[in-house]
Amino acid sequence: MEEDSLYAALDSLASYQIFESDPSKVSSLYDLVERVTVIELAGYSPQIQNLVVALTLDLFYSQMQKKGKPTVQGDFRQISKMIFVDEADNFMSQDFPSLRKILKEGREYGVGIILSTQDITHFKTGENNYASYVLTWVIHRVSEIKNADIKSIFNTDDKSEQETLMESVRKLEKHYSIFIDGNKKFQKIRDLAFWELQEQHRLLSASA
């Protein structure tokens with residue numbers, strides 16, 4: 001019997017001995033990511049990374065829908081899960097359908113996604129424009145940025161204002177960024193450097 005592509009892919013994963021043989025010890029992905037859960041894929045081949053991400057996104061999306069919608073109070077909706085994707089361009093470029101679906105429908109189910117990448121152009125591929133689903137942006141210094149990017153993110157058609165904003169983005173200092181909210185209002189903010197976060201943690205631990 002000839003192996004299909006899915007069987008071959010799962011067979012390659014099985015060699016890593018990551019599957020639990022005892023069903024009583026298995027929990028749903030949605031319940032697994034209750035607190036901070038890190039899925040570290042560095043060191044694996046791109047094929048394995050893409051397979052794991054594709055399967056994880058598909059499973060998460062189906063379980064997100066089964067879980068149902070969270071409590072809504074006025075204009076506020078409970079956040080149940082937050083997904084952070086580092087080096088997101090590696091996965092946006094694959095045009096995974098579930099990534100687009102979670103971005104598009106996630107808010108309705110209390111699920112948020114943070115996509116981190118080095119270049120604004122990564123948000124648009126031949127099949128998807130992920131930027132259209134992003135309401136909030138945090139932009140650090142970017143050397144290569146175009147008027148179309150500024151127009152999309154800041155919602156401005158004024159050419160002179162676009163040029164001013166591009167220059168502001170190019171000249172951002174270290175540990176500073178521009179924050180743009182869902183209403184396209186923006187402000188320059190100072191980020192908390194990792195060593196400052198470590199120092200805060202040290203002081204809190206010392207005072208406990």
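In the predicted model, Gln63 lies within helix α3, which covers residues 46-67. Gln63 has a relative accessibility of 15% and therefore counts as buried, the cut-off being under 20%. Beyond its neighbours within four places in sequence, Gln63 is in contact with Ser28, Leu29 and Tyr30. With Leu29 there is also a polar approach: a polar atom of the Gln63 side chain lies 3.1 Å from the backbone nitrogen of Leu29.

The chain as a whole contains eight helices and seven strands. Its C-alpha trace spans about 65 × 55 × 40 Å along the principal axes. Of the 208 residues in the chain, 30% are buried. Among contacts between residues at least 6 apart in sequence, 66% join residues at least 24 apart.

Strands β5, β6 and β7 form an open, antiparallel sheet, in the order β5-β6-β7. The edges are occupied by β5 and β7, each of which has a single partner strand, so one side of each is left without a neighbour in the sheet. On average, and with direction ignored, neighbouring strands of this sheet are turned by 25° against each other. The pairing of β5 with β6 is antiparallel and comprises three bridges. Within this pairing, Trp137 has Ile180 of β6 as its bridge partner, and Val138 stands opposite Phe179, also in β6. Strands β6 and β7 likewise run antiparallel and are joined by five bridges. Phe179 recurs on this side of the sheet, where Phe179 stands opposite Gln187 in β7. The hairpin formed by β6 and β7 has five residues between the strands, and in this hairpin Lys184 takes a positive phi near 65°.

Helix α7 comprises 12 residues, 159-170. The distance from the first C-alpha of α7 to the last is 17 Å, close to the 16 Å expected at 1.5 Å a residue. The buried residues of α7 are Gln162, Leu165, Met166 and Val169. Viewed down the helix axis, these buried residues fall within an arc of 105°, so they line one face of α7. The packing partners of the buried residues of α7 are β5 and α6, together with β6 (176-180) and β7 (186-190). The three strands of the open sheet are thus all represented among the elements against which the buried residues of α7 pack.

A further link to α7 is provided by Val142, a residue of the loop between β5 (137-139) and α6 (147-154). Val142 has a relative accessible area of 11% and is therefore buried. Apart from neighbours within four places in sequence, the contacts of Val142 are with Val169 and Arg170. Val169 is itself one of the buried residues of α7. With respect to Leu192, Val142 is 50 residues away in sequence, and the C-alpha to C-alpha distance between Val142 and Leu192 is 19 Å.

Notes
Residues are numbered from 1 along each chain as its sequence is written. This is a predicted model: local features need pLDDT of at least 70, side-chain atom pairs count only at pLDDT 80 or more; totals for chains, interfaces and linings use all residues. Side-chain values use heavy atoms; hydrogens and water are left out. Helices (H or I, at least four residues) and strands (E, at least two) are DSSP runs, numbered from the N terminus. Buried means under 20% relative accessible area, exposed over 50%, partly exposed in between (1.4 Å probe, protein chains only). Contact means heavy atoms within 4.5 Å. The expected span of a helix is 1.5 Å times one less than its number of residues. The arc is that of the directions from the helix axis to the C-beta atoms. Two strands pair if DSSP finds at least two bridges between them. Axes are lines fitted to C-alpha atoms, for helices over the stretch in contact, and angles run from 0 to 180 degrees between N-to-C directions. A polar contact is a pair of N or O atoms within 3.5 Å; within protein, one must be able to donate a hydrogen and the other to accept it, and residues adjacent in sequence count only if both atoms are side-chain atoms.
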